[in-house]
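Visitor: I should like to go through the reasoning behind some of the labels attached to this model. May we begin with the structure itself?

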Amino acid sequence: MFTTLGKTITMALGVCALGSTLLAAEVEQPDESKGWKKLFDGKTTKGWRTYNQNEAKPQWQAVDGALTLTKPGGGNLITEGQYENFDLRLEWKIPKGRNSGLFIGAKESERVIYQDAIEMQILGNTGFPKLDDYHIAGSIYGFFPSKREWAKPDGEWNKVRILKKDGNIKVFFNDQAVADFKPSSEEFAQMIAKTKFKAWPQFGKHEKGHIGFQDHGDSHGLAIRNIWIKELDAK
């Protein structure tokens, strides 16, 4: 099933209306006793490194309990581990006019990270008044739209949940359903064919990969906290 703004395309996977509210009671809250793991300890960059490097560049720091890009030049940051079936939760904030992204399914290579990994847009929306809904905060960049009213004011914390299981990905932004899709499907291949990503044959193809955050060159001030993951059993 593909869910896009104002339209739901039904497949064998079922139906989920875009923009439906995700109630807190409907989802398990992160708890180490239930198999959840913190990807960020709140104090160091342990468990993270700059893309294609052995450690995180010094521009990435733990500041006030948040993983923070303090200055330009930190490079894209990725987890040391790779993940396939998982439930990911986190919060992010970014200043007005700054641009970043959350990647899943990243693989290190001579290619840049976005040529492989699917991206959820992180953006200080008010600095980009002309961007369409497919490129604003909370969207799956270029594929599934968000809505401006879903985002918190620039500089405030936004919540993300990404649930990936058996090749299917569900995305929630501030408890709103953004997308429910399968990157390996023919339908998604048709969507890729209409975007710039058609130039990169490995885009969206990796079932298992790193989770990462983008240094877009204008991403400094990005902060991420409460980063939790629970690895799930395959079907």
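Visitor: Which residues does Thr79 touch, not counting residues up to four places away in sequence?

Guide: In this predicted model, Thr79 touches Leu39, Gly47, Trp48, His210 and Ile211. Thr79 itself is found in strand S7, which covers residues 77-79.

Visitor: Why is Thr79 called buried?

Guide: The label requires a relative accessible area under 20%. Thr79 has a value of 1%, and therefore it counts as buried.

Visitor: What makes the pair of Thr79 and Gly81 a polar contact?

Guide: A polar atom of the Thr79 side chain lies 2.7 Å from the backbone oxygen of Gly81. The cut-off for N or O atoms is 3.5 Å, so the pair is within it.

Visitor: How do you know that Asp87 and Arg89 form a salt bridge?

Guide: Their closest N and O atoms are 3.0 Å apart. The criterion is a side-chain nitrogen of Lys or Arg within 4 Å of a carboxyl oxygen of Asp or Glu, so this pair qualifies. Asp87 and Arg89 are also linked with Arg161 in a network of salt bridges.

Visitor: Are Asp87 and Arg89 buried or exposed?

Guide: Asp87 has a relative accessible area of 6%, and Arg89 has 10%. Because both values are under 20%, each residue counts as buried.

Visitor: What makes Arg225 and Glu91 a salt bridge, and where in the chain are the two residues?

Guide: The closest N and O atoms of Arg225 and Glu91 are 3.2 Å apart, which is within 4 Å, so the term applies. The pair links distant parts of the chain: Arg225 belongs to strand S15 (residues 223-231) and Glu91 to strand S8 (residues 86-93), 134 residues apart.

Visitor: Why is Arg225 called partly exposed, and Glu91 buried?

Guide: Arg225 stands at 27% relative accessibility, between the limits of 20% and 50%, and is therefore partly exposed. Glu91 stands at 15%, under 20%, and so is buried.

Visitor: How do you know that Glu207 and Lys164 form a salt bridge?

Guide: Their closest N and O atoms are 3.4 Å apart, and the limit is 4 Å, so the pair meets the definition. Glu207 lies in the loop between helix H1 (186-192) and strand S14 (210-213), and Lys164 in strand S11 (residues 158-165). At 35% relative accessible area Glu207 is partly exposed, whereas Lys164, at 7%, counts as buried.

Visitor: How many salt bridges does the structure hold?

Guide: The structure holds 10 salt bridges.

Note on methods:
Residues are numbered from 1 along each chain as its sequence is written. This is a predicted model: local features need pLDDT of at least 70, side-chain atom pairs count only at pLDDT 80 or more; totals for chains, interfaces and linings use all residues. Side-chain values use heavy atoms; hydrogens and water are left out. Buried means under 20% relative accessible area, exposed over 50%, partly exposed in between (1.4 Å probe, protein chains only). Helices (H or I, at least four residues) and strands (E, at least two) are DSSP runs, numbered from the N terminus. A polar contact is a pair of N or O atoms within 3.5 Å; within protein, one must be able to donate a hydrogen and the other to accept it, and residues adjacent in sequence count only if both atoms are side-chain atoms. Contact means heavy atoms within 4.5 Å.
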